[in-house]
Amino acid sequence: MGFFARLKTLIAANANALIGKAEKPEKMLNQLIIEMNEQLIESKKAVAMAIADEKKLEREKDNQIAQSKDWERKAMLAVTAGKDDLAKEALLRKQEYDNASAEYQKQWEVQKNSVDHLKESLRELQNKIEEAQRKKNLLIARAKRAEAQQKIQYTISSVSGNRSAFDAFDRMAAKVDEMEAMADASKELHDFTSNNNLEKRFKELEKSDASADVMLLELKEKMKALPEK
């Protein structure tokens, strides 16, 4: 399993563990981002080491090529001086450096190819983390809305299921209705009593006036019957 494959497995395992025990989505998401960034830092270090190894192989390869060229120059110098035996030894040394440079070339190409893949994987990981950071606030907002909705639904269910509270309101409403009816009855009785008293007073007044008229007529009749003086 490659480095980034192991890293992906590790991040997924950590995420699943956090999600499994998370009570606060915001806290869980922030922790995930922190862990992803920590893994990204470790990944960058690993890629940097791989790049350093590649550069080291490349320098060694170039050094072997330079040594080969130097021994070839020495062989030419020996031939010019008429020292063929010395030229042969120089050429053998050149061949050793050629063989070494060829081996370093192979190792460098393999390492360079590996580094290229690591760089691409690192870029992909960084993009994923940046995408996760962008999504974090949206997910937190959605989680808060869902939490608020759950609380509202729980409150509605609690109130709806508590029939005693509604019964108490119904009983109180009936009591208020009764009180209002009693108040209306008292007012009506008071008005009725007041009206009766007023009518009685007028009847007594009318009766008093009628008696006076009768007495006045009787007096006039009496006066008429008296002899004139």
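**Charged patches and a nonpolar core in a helical model**

Let's start on the surface, where Lys55, Lys56, Arg59 and Lys119 come together as a positive patch. A quick word on the source: this is a predicted model, with local features needing pLDDT of at least 70 and side-chain atom pairs counting only at pLDDT 80 or more, while totals for chains, interfaces and linings use all residues. Residues are numbered from 1 along each chain as its sequence is written, and side-chain values use heavy atoms, leaving out hydrogens and water.

What makes a patch here? Its residues have over 30% relative accessible area and no salt bridge, with like charges joined within 9 Å and nonpolar side chains (Val, Leu, Ile, Met, Phe, Trp, Tyr) within 5 Å. The areas come from Shrake-Rupley with a 1.4 Å probe, and for residues only the protein chains shown count as cover. A salt bridge is a Lys or Arg side-chain nitrogen within 4 Å of a carboxyl oxygen of Asp or Glu. Lys and Arg count as positive, Asp and Glu as negative, with His and the chain ends not counted; each charge is placed at NZ of Lys, CZ of Arg, CG of Asp or CD of Glu.

Now for the scaffold: the protein has four helices and zero strands, so read "helix" as a DSSP run of H or I with at least four residues, and "strand" as a run of E with at least two, numbered from the N terminus. Helix α2 (residues 25–80) gives the most to the positive patch, three residues, whereas Lys119 sits in helix α3 (residues 84–161). Lys119 counts as partly exposed because its relative accessibility is 35%; buried means under 20%, exposed over 50%, and partly exposed in between (1.4 Å probe, protein chains only).

Heading inward, the largest nonpolar core has 11 residues, among them Ile33, Met36, Val115 and Leu118. Such a core is a set of buried Ala, Val, Leu, Ile, Met, Phe, Trp, Tyr and Cys residues joined through side-chain atoms within 4.5 Å. Both α2 and α3 supply at least two residues of this core, and α3 has the largest share, with six. Ala50, another core member, belongs to α2 and counts as buried because its relative accessibility is 10%. The C-alpha atoms of Ala50 and Gln111 are 7.6 Å apart, though 61 residues separate them along the chain. Overall, buried residues make up 16% of the protein's 229.

Finally, there's a negative patch, formed by Asp177, Glu180, Asp184 and Glu188. Asp177 lies in helix α4 (residues 163–225) and is partly exposed, at 47% relative accessible area.
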